[in-house]
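Work through these exercises with the sequence and the model side by side. Try each task before reading its solution.

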Amino acid sequence: MRLLDMVTANRIQGGDVDAFEKLIEGHKNRVFNYCLRVVGNYHTAEELSQEIFIKVYRSIESYDWRKASLSTWIYSISRHTCLNCLRDEKFHQTELIKEDFEDTNISLEGQYIIKEDWTQLARAINSLKLEDREIVIMKDYLGFKYGEIGLITGLPPGTVKSRLHGIRMRLKKILGDQNGLK
Amino acid sequence: MGSNKQYFKLLKEIPFEKCPDDFTARVVNHSGILDKKEAGYNTGTQRNGSSFYSIACIFTAFLILLVINYNVGNLNKYSTDMLSTNTIAFANQLSKSFIITFVSPERNDVK
């Protein structure tokens, strides 16, 4: 797989638009959702996602296939870009609540219940500190492996695993407390 | 809510948003890759590299043909016992010719 990454990077460096488009198509939704869950704002996440892929293209010469996969490298750039955004801007995180459900098979009551449940979880994740939020988003929401998260965040995989365990405990407690109040 | 099962079930319900349809086109337009495409895919280094590779392949093929031609032409003259000796002698002669031709043309003593 790493050799394929090297070939892809070389092609993009050479100006191969098809290779670059394929790379974007393969990663855009996950990158976008990562930005969305970290910064908490839809339009900012969209702008950041574009900025990330532009950075990927402009710094493709610096990609070293021996150190990490292309995917891990892209998410490292994504992480730095989101962190810079949160640090540099006076940024107000708005809650992400999906107002409209397009799935008409679910009854209105069912939709309300589903909306309430995941909204609570989304709120709970948003309430975590940034370092914890990005770990739970990468592992539990986007399905990254511990090793990949370690490479992206600079933490040993064992540390990621133990932190995630603690984060999950806290999330369950937060959600349990919220449910208890109802 | 305390169980892992409920936690992961709720996680799956958090919407996985999709990028706008024109996202890829916007990124490609703003990245500058289209300017590079107009300039041509290969840089000068890549072009020189592919020419050298082609010449090396042709030269190697020529050498292989020489060896095959020599051995096939002499199969009816020599027995199999002598074939390996003949091949070694041929390789020796070829290397001498190479040295005379490409390395030191004035070295007539290697003849």
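**Exercise 1. Cysteines**

How many disulfides are there over all chains? The model is predicted, and the cut-off to apply is a pair of cysteine sulfur atoms within 2.5 Å.

*Solution.*
- Step 1. Take A:C85. The nearest cysteine sulfur belongs to A:C82 and is 7.0 Å away. A:C85 is therefore in no disulfide.
- Step 2. Take B:C19. The closest cysteine sulfur is that of A:C35, at 8.9 Å, which is too far for a bond.
- Step 3. Give the total. The count is zero disulfides over all chains.

Now add the surroundings. Are A:C85 and B:C19 buried or exposed? Buried means under 20% relative accessible area. A:C85 has 6% relative accessibility, so A:C85 counts as buried. B:C19 has 7%, so B:C19 counts as buried too.

**Exercise 2. Two chains in outline**

Describe chain A and chain B by their elements, their buried residues and their surface.

*Solution.*
- Step 1. Count the elements. Chain A has eight helices and zero strands. Chain B has five helices and zero strands.
- Step 2. Write the order from the N terminus. Chain A reads α-α-α-α-α-α-α-α. Chain B reads α-α-α-α-α.
- Step 3. Look at burial. In chain A, 48% of the 182 residues count as buried. In chain B, buried residues make up 19% of 111.
- Step 4. Turn to the surface. Chain A has an accessible surface of about 9,500 Å², with 52% belonging to carbon and sulfur atoms. Chain B exposes about 8,300 Å², and carbon and sulfur atoms supply 61% of that.
- Step 5. Check the contacts in chain A. Take those with a separation of 6 or more: residues 24 or more positions apart account for 65% of them.

**Exercise 3. A helix pair across the chains**

How do helix α2 of chain A and helix α2 of chain B cross?

*Solution.*
- Step 1. Recall what is needed. Two packed helices are described by the angle between their axes and the distance between the axes.
- Step 2. Locate the pair. In chain A, α2 covers residues 17-39; in chain B, α2 covers residues 23-31.
- Step 3. Read both values. The axes come within 10 Å and cross at roughly 135°.
- Step 4. Classify the angle. Over 145 degrees would be roughly antiparallel, and 65 to 115 roughly perpendicular. The angle fits neither range, so α2(A) is oblique to α2(B).
- Step 5. Name the residues. From α2(A), the contact uses A:V17, A:F20, A:E21, A:I24, A:E25 and A:K28. From α2(B), B:F23, B:T24, B:V27, B:V28 and B:S31 take part.
- Step 6. Add the hand. The crossing of α2(A) and α2(B) is right-handed.

**Exercise 4. Two residues of chain A**

Place A:T81 and A:K173, then say of each whether the residue is buried or exposed.

*Solution.*
- Step 1. Find A:T81. This residue lies in helix α4, residues 70-88 of chain A.
- Step 2. Judge its cover. The relative accessible area of A:T81 is 3%, so A:T81 is buried.
- Step 3. List its partners. Leaving out residues up to four places away in sequence, A:T81 touches A:L48, A:E51, A:I52 and A:K55.
- Step 4. Find A:K173. Helix α8, residues 157-181 of chain A, holds this residue.
- Step 5. Judge again. Exposed means over 50%. A:K173 has a relative accessible area of 55%, so A:K173 is exposed.
- Step 6. Relate A:K173 to A:A124. They are 49 residues apart along the chain, and their C-alpha atoms are separated by 9.7 Å.

Conventions
Residues numbered from 1 in each chain as written. Chains lettered and ligands numbered in written order. Predicted model: local features only at pLDDT ≥ 70, side-chain atom pairs only at ≥ 80, totals over all residues. Heavy atoms only, no water. Buried < 20%, exposed > 50% of the residue type's maximum accessible area, 1.4 Å probe, protein only. Helix = DSSP H or I, 4+ residues; strand = E, 2+ residues; numbered from the N terminus. Areas by Shrake-Rupley, 256 points an atom, 1.4 Å probe, with all protein chains shown as cover. Axes fitted to C-alpha atoms, helices over the stretch in contact; angles between N-to-C directions. Parallel < 35°, antiparallel > 145°, perpendicular 65-115°, else oblique. Left-handed = near helix turned anticlockwise from the far one by under 90°. Contact = heavy atoms within 4.5 Å.
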